[in-house]
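User: I would like a close look at one part of this structure, explained in a connected way. Please begin with the place where the two chains meet.

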Amino acid sequence: MFKNLRTSTKLLLLCGTFVISIAVTTAALVAEKQIAIAFAQKELVGSRYLATVRDLYPAISIQRDDLSLAASGRAPDEILKRLAAAEADAASHLQTAELERALAQTLRKLWFDKTVQNTDQLGLDALSSVQKLASRIGDDSNLTLDPDLDTYYLQNIVIGRLPGLVSQLGEMQTLLRAANTSGSLSSEQGARLVFLDSLLRSTADGVKSDLAAAYRGNADGNLRRNVDAALAATIASLEPILGTVKAAHLGGEITRLDSASLDERAFSSAVGSIIRGWGIAQTDLNRLLQQRISDLVGKLRLSLALLGGFLGLSILLAIMTHRHIVTSLQHLEGVVAKVRESKTSNVASDRDTKDEFSSLTVAFNDMLAELAAAREREIADQARTAQQTLLTTMGQMAASIAHELNQPLAAIATNGNASLRFLAHTTPDLDEVREALKCIVSDGHRASQLIGTIRSMFKKDGQKRAPVDITQLIQEALGLMQVELQNQRVSLQSELEPQPIQVLGDRVQLQQVVINLITNAIDAMRSVTEHARVLRVRSETNESDAVVVTVEDSGAGIDPKSTDRIFDTFYTTKSHGMGIGLAISRSIVEAHGGRISASPGDPHGAVFQVVLPTCKLGES
Amino acid sequence: MGPTGAESIVFVVDDDAPVREALQRLLRSVGLQAQTFGTTAEFLNAKLPDVASCLVLDVRLPGISGLDFQSELAKAKIHVPIIFITGHGDIPMSVKAMKAGAVEFLTKPFRDQELLDAIGIALNLDRARRENEKAVSNLRALFDSLTPREREVMALVTAGLMNKQIAAQLDVSEVTVKVHRGNAMGKMRARSLAELVRMADILGIRRANA
């Protein structure tokens with residue numbers, strides 16, 4: 001199934017799978033980051049809400065200090081409105097409606113109900129409500145769950161410690177004011193004062209230790225720069241108050257206090273300092289949260305950008321790979337098609353890259369080279385076999401003819417010898433000699449008839465004649481002799497008539513003539529060492545419409561006197577051979593109505609010329 | 001070693017008539033008598049004169065090869081020396097012929113002297129063989145003239161037994177043995193015991209009784 005798919009489809013599948021996995025990863029990343037961002041944003045909502053709550057403290061303190069509300073610059077109505085608005089804003093995240101309503105009711109009673117006498121107690125209730133609201137905001141807005149060190153400890157200060165300080169101060173102030181009014185303290189009140197005193201100390205210490213932890217978690221040190229001075233001032237502002245209670249306490253059990261021990265100014269200064277420190281700490285908390293959110297958003301954007309970039313890169317790579325593979329395959333296909341069309345194995349691919357296609361190309365080229373070599377070997381083998389078959393056939397024919405001719409020759413020689421012996425007798429027996437000579441003459445005729453028979457043997461085949469292309473025939477003969485030419489280091493120069501030259505004849509016989517002439521030429525050049533061995537084969541048509549085939553060698557050459565005799569049977573100049581090839585060749589050529597002739601070459605060698613009448617196509 | 005007169009004859013078997021005729025003429029020119037045949041069958045059917053002879057045989061003959069005919073003759077115990085002539089011979093053919101006992105293997109056209117020399121050698125060989133055969137048949141005739149008892153005694157004597165032993169074996173007197181022995185020596189025309197032993201060897205009787 002998979003292997004039947006096109007390469008481009010496979011690449012598309014690969015690419016698609018990759019894109020999907022990238023998309024899933026991206027979605028997971030975005031979801032995770034959004035959770036973190038939502039977490040921080042919820043904290044920010046809480047923190048802003050808390051800022052509104054913080055503004056309540058001065059109002060409560062001012063009321064209780066019996067100063068003019070108008071002096072604070074903020075009308076109680078407006079404060080209540082803002083509180084309600086903040087609650088409405090945060091309602092989707094935080095569950096503070098009930099606490100807010102309770103607080104608003106207490107504040108209204110405190111500020112507007114003139115029937116209420118014990119405003120101190122109401123103030124304390126209001127402070128307690130504010131503190132509850134603050135801690136609820138902290139719980140619901142994740143601020144108390146925050147895992148980051150800097151914001152976690154800072155929110156601890158803002159939500160827990162500082163509201164606590166204000167509440168404790170308020171209670172202490174109320175107690176002291178009551179004592180001042182009545183001039184004495186109950187033992188319970190005294191104990192409460194001592195307890196508040198140590199509570200203030202421990203809360204102040206808590207602020208310090210939280211700050212230290214927050215600084216540790218804040219890598220850039222901006223937090224320390226922004227809040228350290230304000231919060232140090234806040235803690236320092238508590239010192240005069242703590243000192244007062246301490247002095248009273250040192251006198252033994254606190255049962256009474258002088259009026260001097262209630263320094264209203266120190267209290268309001270301390271509360272103011274706390275609110276200021278709180279404001280600064282709150283601002284920085286907001287800043288840190290905002291910073292975290294923008295960090296997260298930045299990281300998310302960076303991740304998305306990187307993912308997008310890599311995705312684009314991989315798609316680009318996939319497209320490039322696809323184009324590369326397809327181009328290479330098409331190139332190879334083209335080479336193969338070229339090999340198929342040209343039927344040769346010499347078409348080499350010339351890619352110069354260094355990939356698998358390159359090695360495939362190299363292997364392909366090697367294969368082509370080996371095929372070419374094998375084909376050459378095959379052709380050479382065929383040529384050798386054909387030549388051997390031809391030589392064997394010719395050898396057998398020559399042996400057969402030799403046997404037939406040897407009979408009359410033996411008779412002639414024997415008769416001759418007998419005659420000589422009869423003549424040598426003291427009284428020569430002339431009758432015997434006469435008889436012997438008659439026999440010699442008769443045997444001579446018999447030998448001649450034999451030759452005639454051999455010729456007619458070739459003539460008989462004339463009935464099977466057909467048009468033969470001489471040029472093609474010469475080319476085939478040269479192909480058959482190619483191996484021998486190479487072995488004897490004979491260089492071939494052929495000037496063949498490009499047009500087909502048709503001769504009416506026996507193809508095999510005519511080819512034998514050409515091969516015989518070439519073989520003779522090669523044999524004649526066997527001993528040549530002082531000059532080049534050159535075989536020149538020409539074919540042309542002469543003015544009388546006959547084809548002239550010329551075979552010229554640069555061999556030992558022939559004696560001008562014997563140019564006619566060399567066509568005679570059994571005449572040979574070779575150390576081996578029967579001396580019959582040229583005789584047969586002449587028989588064949590003459591049987592085809594042509595003639596064969598020989599002449600010495602210039603400067604050396606021999607020139608054999610075969611002239612054959614041509615036939616027009618369609619004349620046969 | 002010139003061929004000698006009417007005491008010998010040369011047989012020629014060749015399917016080619018002019019060659020036969022020419023050979024006959026050549027032999028006639030040197031005074032040799034020749035008888036020619038076109039086929040081997042003609043040769044076998046002819047009444048051949050019982051004189052020293054040899055056979056000039058063509059290798060390629062109609063129906064049968066000269067080499068096969070050579071082995072047929074050997075099987076038929078016709079011991080005529082053979083000289084082969086051929087229009088186209090090769091080495092394996094000549095080796096086979098010479099191994100089978102041919103005198104010479106000549107390729108046509110041959111030099112006349114080579115053929116005549118070979119014929120001379122062949123006739124001498126045949127003559128020697130005939131003389132040997134003649135001696136054996138003479139000896140056989142002499143042996144046939146012995147009485148059965150004389151033949152027994154001759155066999156035992158030539159086997160190396162003493163008169164006394166022969167007498168004991170034949171259950172006759174020693175004197176009787178001596179008489180038979182003398183008669184056998186005389187009839188066989190043996191001049192010594194050694195000659196008698198050689199005769200017994202040729203006749204093949206010594207081994208039979210040993």
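How many residues of chain B are in contact with chain A, and how many residues of chain A do they touch?

Analyst: The model examined here is a predicted one. In it, 16 residues of chain B are in contact with 21 residues of chain A. On the side of chain B that touches chain A, the most is given by α1(B), with 8 residues. Sorted by class, that side of chain B holds 8 nonpolar, 3 polar and 5 charged residues.

Helix α1(B) therefore merits a closer description, being largely enclosed by the rest of the structure because 10 of its 13 residues are buried. The helix covers residues 17-29 of chain B. From its first C-alpha to its last, α1(B) reaches 18 Å, close to the 18 Å expected at 1.5 Å a residue. Among its buried residues are P18(B), V19(B), A22(B), L23(B), L26(B) and L27(B). The charged residues R20(B), E21(B) and R25(B) are buried in α1(B) as well, and so is S29(B). Just after the helix, G31(B) takes a positive phi of about 80 degrees.

Within chain A, a pair of helices may be described in turn. Helix α6(A) spans residues 149-182 and helix α7(A) spans residues 187-217. Their axes come within 9 Å and cross at roughly 160 degrees. Because an angle over 145 degrees counts as roughly antiparallel, α6(A) is roughly antiparallel to α7(A). The crossing of these two helices is left-handed. The residues of their contact comprise 16 nonpolar, 7 polar and 6 charged.

Technical notes. Residues are numbered from 1 along each chain as its sequence is written. Chains are lettered from A and ligands numbered from 1 in the order in which they are written. This is a predicted model: local features need pLDDT of at least 70, side-chain atom pairs count only at pLDDT 80 or more; totals for chains, interfaces and linings use all residues. Helices (H or I, at least four residues) and strands (E, at least two) are DSSP runs, numbered from the N terminus. The expected span of a helix is 1.5 Å times one less than its number of residues. A residue is buried if 20 or more other C-beta atoms lie within 10 Å of its own, exposed if 12 or fewer, and partly exposed in between; C-beta atoms are placed from the backbone. Axes are lines fitted to C-alpha atoms, for helices over the stretch in contact, and angles run from 0 to 180 degrees between N-to-C directions. Angles under 35 degrees count as roughly parallel, over 145 as roughly antiparallel, 65 to 115 as roughly perpendicular and the rest as oblique. A crossing is left-handed if the near helix is turned anticlockwise from the far one by less than a right angle, and right-handed if clockwise. Two residues are in contact if their C-beta atoms, placed from the backbone, lie within 7 Å.
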